[in-house]
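Open the model in your viewer and keep the selection tool ready. We will move from stop to stop, and at each one you select something and look.

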Amino acid sequence: MSPWVPGQPSAPAPAEIGGLPGAYPTASACEVTAKLIPSCGAWWGVAPEVFTGRRPGQALKRAEKRMGRPADIVHVYHREQDLFPTAEERAIARDQVGNRLLLINWKPSFDHTWAEIARGALDERIDRLAGHIRKNFPQRFFLTVHHEPENDVRERPASGMTADDYAAMFRHVVLRLRQKGVDNAVTVMTYMGAPNWAAKSWFEKLYPGDDVVDWVAMDPYVDDKVQSFDGLVNKAREGFDEWPGFYRWMQARFPGKPVMVAEWGVFERYDQPRFKESFFTSVRQEIRDYPQIKALVYFDSPHAPRGDTRFDTTPGGLRAFGDLADDPYLRAAAVPQK
């Protein structure tokens with residue numbers, strides 16, 4: 001499938017994206033592949049009420065009530081020796097009201113370098129996790145390993161934290177989990193989505209390989225330089241004119257893989273009280289122009305690192321976000337029952 005630029009008439013049909021066999025039937029007319037790619041529309045997801053101290057179940061219940069619909073994807077975060085999905089997360093995925101897909105974000109260690117992990121330093125930890133998943137959670141779920149690695153790269157070869165080391169670590173973790181029987185993890189390579197990192201000589205070396213990456217993802221946020229959805233997913237950088245933007249780069253670099261916006265958030269603009277409202281409206285108007293994006297997962301937090309990303313800080317913002325969440329394009333597919 002050749003890359004497509006928004007605005008051109010040759011957009012690929014959504015059913016072509018991914019090109020993977022093994023579709024699950026759903027309650028809708030759309031199908032969902034074994035790699036959790038919906039044949040039409042895109043998944044709607046949330047990381048609910050992050051940095052509030054609320055447990056995931058409570059946070060999700062509140063967030064879904066606020067946005068007026070259940071989430072297709074729930075983004076949760078784990079580190080080091082955590083065993084996941086937890087009992088609470090399993091209950092979220094198997095809710096009586098409707099199934100949800102878990103997007104589990106795991107940083108295996110803060111004490112070991114990527115090179116050490118790639119050489120087997122955490123194999124016992126990985127094996128223990130694999131046993132837990134096999135025993136407790138047969139459903140498919142999304143797994144991203146050490147998301148946003150760009151600002152953790154250390155270029156000194158002996159650091160154990162080079163881009164090559166990251167790729168080797170990601171490969172080792174995924175292949176080890178598969179070797180130990182975890183065949184239900186749909187793997188996601190998550191980039192920061194900040195164009196300054198793309199200028200680095202090592203940037204392309206981060207990618208672990210098509211055989212261990214099912215989806216590619218970005219985590220862009222609406223800072224004061226972003227005015228539109230295209231500006232969010234195709235952020236430009238002054239002095240780096242050749243950079244096409246992350247969505248366009250992903251189209252060219254990974255034409256057969258679905259794209260996930262695994263974190264996105266709109267910061268409060270106190271001098272523009274209706275900005276969130278207008279931005280959410282623009283996403284609803286423009287999302288169909290980006291057919292390779294197959295999942296949008298909002299980062300909902302009053303205490304995000306650079307501001308307040310809650311979607312309901314104003315009545316207009318809440319209304320526009322609810323309209324976006326309820327758009328038929330983001331309700332096209334049903335989460336598989338198995």
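Buried means under 20% relative accessible area, exposed means over 50%, and partly exposed is in between, using a 1.4 Å probe and protein chains only. This is a predicted model, in which local features need pLDDT of at least 70, side-chain atom pairs count only at pLDDT 80 or more, and totals for chains, interfaces and linings use all residues. Residues are numbered from 1 along each chain as its sequence is written, and side-chain values use heavy atoms, with hydrogens and water left out.

**Stop 1: a loop histidine**

Select histidine 112. It sits in the loop between strand 5 (101–107) and helix 3 (114–118). Helices (H or I, at least four residues) and strands (E, at least two) are DSSP runs, numbered from the N terminus. Is histidine 112 buried, exposed or partly exposed? Its relative accessibility is 29%, so it counts as partly exposed.

Now show what touches it. Contact means heavy atoms within 4.5 Å. Leaving aside neighbours within four places in sequence, histidine 112 is in contact with Ile117, Ala121 and Leu122. Take leucine 122: ten residues separate it from histidine 112 in sequence, and the C-alpha to C-alpha distance is 8.4 Å.

**Stop 2: strand 6**

Select residues 141–145, which form strand 6. Five of its five residues are buried. Look at each face in turn. Phe141, Leu143 and Val145 lie on one side, with Phe142 and Thr144 on the other.

Next, add the partners of strand 6. Two strands pair if DSSP finds at least two bridges between them. Strand 5 pairs with strand 6 in the parallel sense, over four bridges. Here tryptophan 106 stands opposite valine 145. Strand 7 (residues 185–191) also runs parallel to strand 6, joined by four bridges. Find threonine 144, whose bridge partner in strand 7 is valine 188.

**Stop 3: helices 4 and 5**

Two packed helices are described by the angle between their axes and the distance between the axes. Axes are lines fitted to C-alpha atoms, for helices over the stretch in contact, and angles run from 0 to 180 degrees between N-to-C directions.

Select helix 4 (residues 123–136) and helix 5 (residues 163–179). Their axes are 9 Å apart, at an angle of about 45°. That makes helix 4 oblique to helix 5. The cut-offs: under 35 degrees counts as roughly parallel, over 145 as roughly antiparallel, 65 to 115 as roughly perpendicular and the rest as oblique.

The crossing of helix 4 and helix 5 is right-handed. A crossing is right-handed if the near helix is turned clockwise from the far one by less than a right angle, and left-handed if anticlockwise. Show the side chains in the contact: Asp123, Ile126, Asp127, Leu129 and Ala130 from helix 4, and His172, Val173, Arg176 and Leu177 from helix 5.

**Stop 4: strand 11 and its partners**

Select residues 293–299, strand 11. How many of its residues are buried? Seven of the seven are, so strand 11 is largely enclosed by the rest of the structure.

Add strand 3 (residues 43–47), which pairs with strand 11 in the parallel sense over five bridges. Glycine 45 has valine 297 as its bridge partner in strand 11. Then add strand 10 (residues 259–266), which pairs with strand 11 in the parallel sense over four bridges. Methionine 260 stands opposite alanine 295.

**Stop 5: helices 9 and 10**

Keep strand 11 on screen and add helix 9 (residues 275–286) and helix 10 (residues 315–325). Their axes come within 8 Å and cross at roughly 10°. That makes helix 9 roughly parallel to helix 10. Helix 9 passes helix 10 in a left-handed crossing.

Which elements do the buried residues of helix 10 pack against? They pack against strand 3, helix 1 (56–67), strand 10, helix 9 and strand 11. Gly316, Ala320 and Phe321 are among these buried residues.

**Stop 6: unusual backbone**

Most residues other than glycine have a negative phi, and most peptide bonds are trans. Select phenylalanine 84 and proline 85: a cis peptide bond joins them, with omega about -5°. Proline 85 lies in the loop between strand 4 (73–79) and helix 2 (87–93).

Now select leucine 36, in the loop between strand 2 (31–32) and strand 3. Its phi is positive, about 65°, although leucine 36 is not a glycine. At 1% relative accessibility, leucine 36 counts as buried.

Finish at glutamate 49, in the loop between strand 3 and helix 1. Its phi is also positive, about 45°. With 5% relative accessibility, glutamate 49 counts as buried.
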